[in-house]
Amino acid sequence: YGFAQREGTGLHFAVEHDHDPARDGVEVYLYVRDADALYEEWTRPGIGGLTRPVGPMPYGIKEGSHIDPDGNQIRFGSIIDEEGETSG
C-alpha cells in the first residue's frame, strides 16, 4: 500500500493479489477539496456510469464513489473539519 500527494490531490495505491484486470476494473481514491461539488458534477446528465452520494465516514472523511461505464471505481473524499464542514 502506498500513496502520493501533490498540490492538494492525493492518490492511494494498493496491490490486490486476486485482482484480475480482465474481470475487475481499477479502483482509485481521490482526495478532493469539495466532495459535494464533485458529486454534483459527476451526476449531471450525460456523465456515464453510476455516482453514489457523498456521506460522512467514521474516519473523518466525507466520501462518495463513481463507477464508470468500464467498471472502474473512483472513490473520492474531503477531510471534515471540527465544525463538520469539508476543508479545502
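## Burial and overall make-up

A residue counts as buried here when its relative accessible area is under 20%. By that yardstick, 20% of the 88 residues in this chain are buried. Keep in mind that we're looking at a predicted model.

The chain exposes about 6,300 Å², and carbon and sulfur atoms supply 53% of that area. Taken along the principal axes, the C-alpha atoms fill a box of roughly 45 × 35 × 25 Å.

## Fold layout

As for secondary structure, there's one helix plus six strands. Walk along the sequence and you get the pattern β-β-β-α-β-β-β. Among contacts between residues at least 6 apart in sequence, 31% link residues that are at least 24 apart.

## The sheet

The six strands make an open sheet with mixed pairing, and their order is β1-β2-β3-β6-β5-β4. At the edges sit β1 (2-6) and β4 (50-56), each of which pairs on one side only. Direction ignored, neighbouring strands in this sheet are turned by 20° against each other on average.

Edge strand β4 runs antiparallel to β5 (residues 61-67), and five bridges hold this pairing on record. To pick out a bridge, Leu50 has Ile67 in β5 as its partner.

## The nonpolar core

The largest nonpolar core is made of six residues: Ala35, Leu38, Trp42, Val54, Ile74 and Phe76. Two elements, α1 (35-42) and β6, give two or more residues to it. The top contributor is α1, with three residues.

Val54 is one of the core residues. Leaving out residues up to four places away in sequence, Val54 touches Ala35, Asp36, Tyr39, Lys62, Glu63, Gly64 and Phe76.

## A look at Ile74

Ile74 is another member of that core, and its place is in strand β6 (residues 73-79). Is Ile74 buried or exposed? Its relative accessibility is 19%, so Ile74 counts as buried, given that the cut-off is under 20%.

What does Ile74 touch, once residues up to four places away in sequence are set aside? The list is Val28, Leu30, Trp42, Gly64, Ser65 and His66. Take Gly64 from that set: Ile74 and Gly64 are ten residues apart in sequence, and their C-alpha atoms are 8.6 Å apart in space. Gly64 also turns up among the contacts of Val54.

Technical notes
Residues numbered from 1 in each chain as written. Predicted model: local features only at pLDDT ≥ 70, side-chain atom pairs only at ≥ 80, totals over all residues. Heavy atoms only, no water. Pairing = 2+ DSSP bridges. Helix = DSSP H or I, 4+ residues; strand = E, 2+ residues; numbered from the N terminus. Axes fitted to C-alpha atoms, helices over the stretch in contact; angles between N-to-C directions. Buried < 20%, exposed > 50% of the residue type's maximum accessible area, 1.4 Å probe, protein only. Contact = heavy atoms within 4.5 Å. Core = buried A, V, L, I, M, F, W, Y, C linked by side-chain atoms within 4.5 Å. Areas by Shrake-Rupley, 256 points an atom, 1.4 Å probe, with all protein chains shown as cover.
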